[in-house]
Amino acid sequence: MATFTAAKRFPEGPVWLLPANEAKEAKSLTFQALNLSKVTTSVLPVNKRKPSVARAWKAGGATVVMQKQSKDQVRLSILINSRIAYNALEKKSYMQGGDPEPVKFPNFDGTPGIPFPIGAFQANPKSAPMIVFWQPGYEGQAYSVVASVKGKMQKVDDKAIYFCAF
């Protein structure tokens with residue numbers, strides 16, 4: 001009887017499948033937490049640089065900034081090489097019998113309806129990174145991609161995996 005062992009351990013995290021002609025230049029980018037003092041004041045004013053109201057991450061030339069706007073809204077901004085490329089208001093989801101708590105910074109990971117950056121990749125050195133967000137919900141998980149289309153960052157894909165909460 002033969003015994004098989006893995007020759008190489010596979011890394012954990014997202015797996016990107018790209019067309020062969022694009023895969024040669026593509027590279028995966030990892031998000032790192034960014035100190036709020038490093039975010040430009042045009043996106044995050046000095047008086048808003050508190051972990052209780054904002055968070056930021058960096059991956060390659062992309063910076064993602066989340067800033068609490070109200071008890072249930074967060075502004076999502078994406079900067080590419082320090083230039084604002086994308087802005088959106090994201091709203092916390094509520095469900096009867098669910099968690100009535102407002103969005104809580106700095107630990108909002110897993111807040112229903114609020115996106116969280118989980119990965120990025122860059123097709124080539126001249127392109128803006130594509131950014132993948134995880135958006136938890138009460139009845140499933142959603143994933144969205146923000147990418148550059150004709151020089152403008154926009155949401156290009158939005159998919160969900162459904163499961164029943166009850």
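**Strand pairing, cores and ring contacts in the predicted model**

Leaving aside residues up to four places away in sequence, Ser-144 is in contact with Ile-131, Val-132, Phe-133, Lys-155, Asp-157 and Asp-158. The model examined here is a predicted one. Within it, Ser-144 belongs to strand β9, which spans residues 140–149, and its relative accessible area of 3% falls under the 20% limit, so the residue is classed as buried. One of the contacts listed for Ser-144, Asp-158, is also its bridge partner in β10.

The strands around this residue are paired on either side of β9. Strand β8 pairs with β9 in the antiparallel sense over seven bridges, with Trp-134 having Tyr-143 of β9 as its bridge partner, and the two strands are joined by a hairpin through two residues. Strand β10, covering residues 152–162, is likewise antiparallel to β9, and this pairing extends over ten bridges. The hairpin of β9 and β10 also has two residues between the strands, and Lys-150 adopts a positive phi near 50 degrees in that hairpin.

In overall composition, the secondary structure of the protein consists of one helix and ten strands, which follow one another along the sequence in the pattern α-β-β-β-β-β-β-β-β-β-β. An open sheet is formed by five of the strands in the order β2-β3-β4-β5-β6, with antiparallel pairing. The edge positions are taken by β2 (32–33) and β6, each of which has a single partner strand, so that one side of each is left without a neighbour in the sheet. Inside this sheet, the antiparallel strands β3 and β4 are joined by six bridges, and Ala-59 is placed opposite Ala-62 of β4.

Buried residues account for 36% of the 166 residues in the protein, and the exposed area amounts to about 10600 Å², of which 54% is supplied by carbon and sulfur atoms. When contacts are restricted to residues at least 6 apart in sequence, 40% of them join residues at least 24 apart. The largest nonpolar core contains 23 residues, among which Val-64, Ile-78 and Ile-131 touch the most other members. At least two residues of this core are supplied by each of β3, β4 (62–70), β5 (73–80), β6 (83–91), β7 and β8 (130–137), and the largest share, four residues, comes from β5. Another core, of nine residues, lies apart from this one and includes Leu-36, Val-39, Leu-44 and Ala-56. The contacts of Ile-78, again without residues up to four places away in sequence, comprise Thr-63, Val-64, Arg-83, Ile-84, Ala-85, Tyr-86, Ile-131, Phe-133, Val-146 and Met-153; among these, Ile-131 and Phe-133 are also touched by Ser-144.

With respect to ring interactions, one aromatic pair is present in the structure. The ring centres of Trp-57 and Phe-116 are 5.4 Å apart and the ring planes stand at 80 degrees, so the arrangement is edge-to-face. Distant parts of the chain are linked by this pair, since Trp-57 is located in strand β3 (residues 54–59) and Phe-116 in strand β7 (residues 116–122), 59 residues apart; both residues are buried. A further ring contact involves a charged side chain, with Lys-92 lying over the face of Tyr-94 at 4.4 Å from the ring centre.

Notes: Residues numbered from 1 in each chain as written. Predicted model: local features only at pLDDT ≥ 70, side-chain atom pairs only at ≥ 80, totals over all residues. Heavy atoms only, no water. Buried < 20%, exposed > 50% of the residue type's maximum accessible area, 1.4 Å probe, protein only. Contact = heavy atoms within 4.5 Å. Phe/Tyr/Trp six-rings, centres within 6.5 Å; stacked < 30°, edge-to-face > 60°. Lys NZ or Arg CZ within 6 Å of the ring centre and 35° of its normal. Areas by Shrake-Rupley, 256 points an atom, 1.4 Å probe, with all protein chains shown as cover. Core = buried A, V, L, I, M, F, W, Y, C linked by side-chain atoms within 4.5 Å. Pairing = 2+ DSSP bridges.
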